[in-house]
Amino acid sequence: MSNNKHIYSVIAGTGSYIPENIISGDSFLNSTFYENGAIIEKDITDIISKFSEITEIVERRYADDTMLNSNMATIAAQRALEDASIDKETLDHIIFCHNFGDIHQGSNRMDIIPSLAAKVKQQLEINNPDCVAYDIIFGCPGWVQGSIQANYLIKSGDAKRVLVIGAETLSRIIDPHDRDSMIFSDGAGAVIYAAVESEHPTGIIAHKTQTFAGNFASLLVMGGSSNPDCTKGNSYLKMNGRKLYEFAVVNVPQVVKMAIDKAGIGIEDIKTVFIHQANGKMDNAIMKRLFKLYQLDAVPENLVPMTISWLGNSSVATIPTLIDLVIKEKVSGYKVKKGEYAIFASVGAGMHINAIVYQF
């Protein structure tokens, strides 16, 4: 390799799996929600409409009863392989980012033996033992962290092609008596990164991750049902929505700015921001705060593609799914052009925040 060339991690292919079961707000009309051990007495239609107003979520997707997380991931991975037009046996690593493993419909029990990455490798029928498969548990920012890990592997020279998957079936780990359950959904996204030699920076240019566990690890945890009469002993995904919102709006912009500064570019150079689809209003507030850090009052139009209104929050799957849809021009008004800079940014359980500056 000549001295003026460097190795970069570049997206070679993308794929996603969006479940076909559309769950509208009306699906929750027969729900009974509790808060602090007591039934919330408000009219259920008011609860649903207020929730939709706060989060911008109108509908979400749930996987078929027979579909496991690893099955959805395999479909997304297969689509990424086809998009990249590469031989699956040439993958050096499969990194599967999730939080709850495979959960069978109706069980609420997590299955992560073997790792989901190993299950995907088996389902893809990849025989090469040098294709190493492992999982990352990193909250909602897992897929972004998996991409950072892929970049380390590629930069080290140990890997040339890394498949990074983000997939989750959150519909099976949510408490039906917690109104926060209306946020969550199912889905899978997959991206293949390939090593590219270039004299000019391309692909992953810079990244930054921070973990705020000290005071904030308890904002997203597993806990019992909000309904005190539920005695099955199941654990469900629980979050302190208000505190989480405040934490994200204050801290995510700082981390994104660190990544942009590290890349040596300006905010005006960023043409697309792929941000974790957690809450529409929260994402808008994060972007306003980010631009304020650069003494700018307005966020440019068509900067932040959003899918949360129709896909909900599928945790680690939101960003790779969004990237796949935008690259394939399936999000109205958005497309990526060669040479343009983008941000991948996420926040979630841990609490972790991470950001990547990527050049298409």
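Is Trp 143 buried or exposed at 1% relative accessibility? Trp 143 counts as buried, because buried residues are those under 20% relative accessible area. The structure discussed here is a predicted model.

## Aromatic pairs

Trp 143 belongs to helix H4 (residues 142–156), and its ring pairs with that of Phe 344 in strand S16. With their positions 201 residues apart in the chain, the two partners link distant parts of it. Their ring centres lie 5.9 Å apart and the planes meet at 50°, so the pair is classed as tilted. Phe 344 has a relative accessibility of 0% and therefore counts as buried.

In total, the model has 8 aromatic pairs. One aromatic cluster is formed by Trp 143, Phe 344, Tyr 193, Phe 274, Tyr 358 and Phe 360.

## Nonpolar cores

In soluble globular proteins, nonpolar side chains tend to be buried together. The largest nonpolar core of this model consists of 55 residues. Those with the most contacts inside the core are Val 256, Ile 260, Ile 270, Val 273, Ile 343, Val 347 and Val 357. Two or more residues come from each of H1, H6, strand S15 (270–275), helix H7 (280–293), S16 and strand S17 (352–359). H6 gives the largest share, 10 residues.

Val 256 contacts Leu 290, Ile 343, Ala 345 and Ala 355, when neighbours within four places in sequence are left aside. Another core, of 35 residues, lies apart from the largest one and includes Leu 153, Val 162, Val 326 and Ile 356.

## Pockets

The largest pocket holds about 1300 Å³ of space. Its lining comprises 47 residues, and Asp 180, Met 239, Asn 240, Gly 241 and Arg 242 are the closest to the pocket centre. At least two lining residues are supplied by each of strand S3 (34–35), helix H1 (44–55), strand S13 (220–223), strand S14 (236–239), helix H6 (241–263) and strand S16 (341–348). H1 gives the most, with 6 residues. By class, the lining has 23 nonpolar, 15 polar and 9 charged residues. Helix H6 and strand S16 thus appear in this lining as well as in the largest nonpolar core.

The second largest pocket has a volume of about 440 Å³. It is lined by 19 residues, with Gln 105, Ser 171, Arg 172, Ile 174 and Pro 176 nearest its centre. This lining divides into 6 nonpolar, 9 polar and 4 charged residues.

## Cavities

Across the whole structure there are 4 cavities of 30 Å³ or more. The largest cavity has a volume of about 80 Å³. Among its 14 lining residues, Asp 186, Gly 187, Leu 311, Ser 314 and Thr 321 lie nearest the centre. Strand S11 (186–198) and helix H9 (318–327) each give two or more residues to the lining, and the largest share, 3 residues, comes from S11. The lining of the largest cavity has 6 nonpolar, 6 polar and 2 charged residues.

## Thr 169

Thr 169 is part of strand S10 (residues 161–169). Its relative accessibility is 1%, so Thr 169 counts as buried. Leaving out residues up to four places away in sequence, Thr 169 touches Ala 63, Asn 69, Met 72 and Asp 186. Of these contacts, Asp 186 is also one of the residues nearest the centre of the largest cavity.

Methods. Residues are numbered from 1 along each chain as its sequence is written. This is a predicted model: local features need pLDDT of at least 70, side-chain atom pairs count only at pLDDT 80 or more; totals for chains, interfaces and linings use all residues. Side-chain values use heavy atoms; hydrogens and water are left out. Helices (H or I, at least four residues) and strands (E, at least two) are DSSP runs, numbered from the N terminus. Buried means under 20% relative accessible area, exposed over 50%, partly exposed in between (1.4 Å probe, protein chains only). Contact means heavy atoms within 4.5 Å. On a 1 Å grid over the protein atoms alone, a cavity is a set of points where a 1.4 Å probe fits but cannot get out, and a pocket is an open set with protein on both sides within 12 Å along at least five of seven lines; lining residues have an atom within 4 Å of a point. Grid points are joined across faces, edges and corners, and a volume is the space filled by probe spheres set on the points. Ala, Val, Leu, Ile, Met, Phe, Trp, Tyr, Cys and Pro count as nonpolar, Asp, Glu, Lys and Arg as charged, and the others, Gly among them, as polar. A nonpolar core is a set of buried Ala, Val, Leu, Ile, Met, Phe, Trp, Tyr and Cys residues joined through side-chain atoms within 4.5 Å. Rings of Phe, Tyr and Trp (its six-membered ring) pair if their centres lie within 6.5 Å; planes under 30 degrees apart count as stacked, over 60 as edge-to-face and the rest as tilted.
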